[in-house]
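Welcome! Take a look at the sequence and the 3D view below, and keep both in sight while you work.

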Amino acid sequence: MRHLISILDLSKEEIDQLIDTANDIIEFPEKYAEICKGKKLATLFFEPSTRTRLSFEAAMYELGGNVLGFSEAGSSSTAKGESVSDTIKVVSGYADVIVMRHPKEGAPLVASMKTSKPIINAGDGGHNHPTQTLADLITIKREKGHFEGLTIGLCGDLKFGRTVHSLVEALSRYENVHFVMISPNELRMPDYVKQDILKHGNVTFEETTDLEAVLGKLDILYMTRVQRERFFNEADYIRLKDSYILTPKKLELAKEDMRILHPLPRVNEISVAVDDDPRASYFRQTLYGKYIRMALILMLMGVSL
Ligand code: NCD
């Protein structure tokens, strides 16, 4: 029985396998249309979501399975004081695989110790978001062809943004990846990511506050939203929220074959005028996210063609 709590729960070979399966699903969706018939996926979302929850639900429907769950803690017995452990024990009797998002770091890990069903971490506080990373990886693979040797810019809220923490963990395992971390000083990448993952793995990186100064050398620019909900005071959020705004003018500095990714939702950090640029990959990324979640459901449930 497998869970997906951290992206490092998957080996590089398994990530390749998931990307291959997702590509096969994109090409031959009819082969997979009934494969999860009679199976149920639960989505337990204690925090807001559009893409992650709906892409998991669409993924399960497209595999012929069914979906149950809640989209806010207030509509579940959490509002009456039920613990995560109790909720998980109960839902384990109703579903074959459980997708969970929670504001507390580590909550899905705790849940995984209380159930005999696979748990998928759909985001735990400011910590990790491994299935977003799968969406990011398939997008990079399809659009750049490989991970090795890429210079990856991560821009915005690198402190509270959980997607970039998981993405760094995943990409650090490939040869000659170089990270350029672009953020205000207050929102820099946490030390544990820099020490435990980058320095420990001999991965090269640099930090800067100046997007335009580094834009020209990037193969990937991964933009992120300033995570308002994790700030302790609104004044700090207002001061930092528009630190970076990507515009067509700034993109003139970028390589022709650079790709722009964003986990979405976007607030102000990418001007809508950028959407028509062929380098803008963020809406394709949302679609690939559904297909790779289909592949993940199959892997964790041990289902194959
Ligand atoms: C991200 C998240 O929830 O961390 N969204 C998503 O799942 N695509 C990014 C964000 O909310 O900024």
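Below are three exercises, each with a worked solution.

This is a predicted model, in which local features need pLDDT of at least 70, side-chain atom pairs count only at pLDDT 80 or more, and totals for chains, interfaces and linings use all residues. Residues are numbered from 1 along each chain as its sequence is written, and side-chain values use heavy atoms, with hydrogens and water left out.

**Exercise 1. Find the partners of strand 1 (residues 40-45), and explain why strand 1 is largely enclosed.**

Step 1. Begin with the terms: strands (E, at least two residues) and helices (H or I, at least four) are DSSP runs, numbered from the N terminus. Two strands pair if DSSP finds at least two bridges between them.

Step 2. Strand 1 runs parallel to strand 2 (residues 66-70), joined by 5 bridges. Here A42 has L68 as its bridge partner.

Step 3. Strand 1 also pairs with strand 3 (residues 97-102), again in the parallel sense, over 5 bridges. This time A42 stands opposite I98.

Step 4. Now the surroundings: buried means under 20% relative accessible area, exposed over 50%, and partly exposed in between (1.4 Å probe, protein chains only). Because 5 of the 6 residues of strand 1 are buried, strand 1 is largely enclosed by the rest of the structure.

**Exercise 2. Compare the span of helix 11 (residues 282-301) with the expected value, then look at its cover and its end.**

Step 1. The expected span is 1.5 Å times one less than the number of residues. For the 20 residues of helix 11, 28 Å is expected.

Step 2. From first C-alpha to last, helix 11 reaches 29 Å, close to that expectation.

Step 3. Helix 11 is mostly covered, with 16 of its 20 residues buried.

Step 4. Right after helix 11 comes G302, with a positive phi near 65 degrees.

**Exercise 3. Describe the open sheet of 5 strands and a helix that packs on it.**

Step 1. Trace the order of the strands, 7-6-5-8-9, with parallel pairing.

Step 2. At the edges lie strand 7 (204-208) and strand 9 (259-261), each pairing on one side only.

Step 3. Strand 6 (residues 178-182) runs parallel to strand 7, with 5 bridges joining them. I182 has T208 of strand 7 as its bridge partner.

Step 4. Helix 7 (residues 191-199) packs on the sheet and touches strand 6 and strand 7, where contact means heavy atoms within 4.5 Å. The direction of helix 7 makes about 155 degrees with that of strand 7; axes are lines fitted to C-alpha atoms, for helices over the stretch in contact, and angles run from 0 to 180 degrees between N-to-C directions.
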